[in-house]
Amino acid sequence: MKVKEIAFSGYTVTDIKRARAFYEEVLGLKPSSVYEADGMAFIEYWIGSDEDVLVIGAGAPQMSPGPNGAIVTLEVENFDEAVETLTKNKVEVIMPPQDAGPCHMMLIGDPDGNRIMIHKRKKD
């Protein structure tokens, strides 16, 4: 088997309406695909291109949310502006903003405790 690429990163959420408000209103993502049927929902957000995909989903019995799962890292245009927006919206901060040498980063939690890294590469 040869893996070609990452198809998408995904998080399971408990309340799709609350999650969509967070991902769309706080993080500013636009849904690219919405599937809702049979008590399940999956929302795709294409970020930058159709190759960078974040999916949130609810209702699948074999998937559950939580803080110990994967971390998706979102590259932002303006790190200070992102920190200001997250602070204004009282988003859970797991790791405060840090200067990590070649980048700035902070770790936040979504409403279900899933972890999201906010990241900004420094320019040379």
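A nonpolar core is a set of buried Ala, Val, Leu, Ile, Met, Phe, Trp, Tyr and Cys residues joined through side-chain atoms within 4.5 Å. In this predicted model, the largest such core has 26 residues, and those with the most contacts inside it are Tyr23, Ile56, Ile108, Ile116 and Ile118. Two or more residues come from each of H1, S3, S4, strand S5 (71-75), H2, S7 and S8, with H1 giving the most, namely five residues.

Helix H1, which spans residues 16-26, is therefore a suitable place to begin, and its buried residues are Ile16, Ala19, Phe22, Tyr23 and Val26. Viewed down the axis of H1, these buried residues fall within an arc of 155°, so they line one face of the helix. On the face of H1 turned away from that buried side lie the exposed residues Lys17 and Glu25. The cover over the buried residues of H1 includes strand S1 (9-12), strand S3 (40-46) and strand S4 (53-58), together with helix H2 (79-88), strand S7 (103-109) and strand S8 (115-121).

The ends of the helix can be described in turn. At the N-terminal end, H1 is capped by Asp15, of which a side-chain oxygen lies 3.1 Å from the backbone nitrogen of Lys17. After H1 comes Gly28, with a positive phi near 75°.

Returning to the core, Ile56 offers a view of the contacts around one residue. Leaving aside residues up to four places away in sequence, Ile56 touches Ile16, Ala19, Arg20 and Tyr23, and its other contacts include Tyr11, Val13, Ala41, Phe42, Ile43 and Tyr45.

How values were computed. Residues are numbered from 1 along each chain as its sequence is written. This is a predicted model: local features need pLDDT of at least 70, side-chain atom pairs count only at pLDDT 80 or more; totals for chains, interfaces and linings use all residues. Side-chain values use heavy atoms; hydrogens and water are left out. Buried means under 20% relative accessible area, exposed over 50%, partly exposed in between (1.4 Å probe, protein chains only). Helices (H or I, at least four residues) and strands (E, at least two) are DSSP runs, numbered from the N terminus. The arc is that of the directions from the helix axis to the C-beta atoms. Contact means heavy atoms within 4.5 Å. A polar contact is a pair of N or O atoms within 3.5 Å; within protein, one must be able to donate a hydrogen and the other to accept it, and residues adjacent in sequence count only if both atoms are side-chain atoms.
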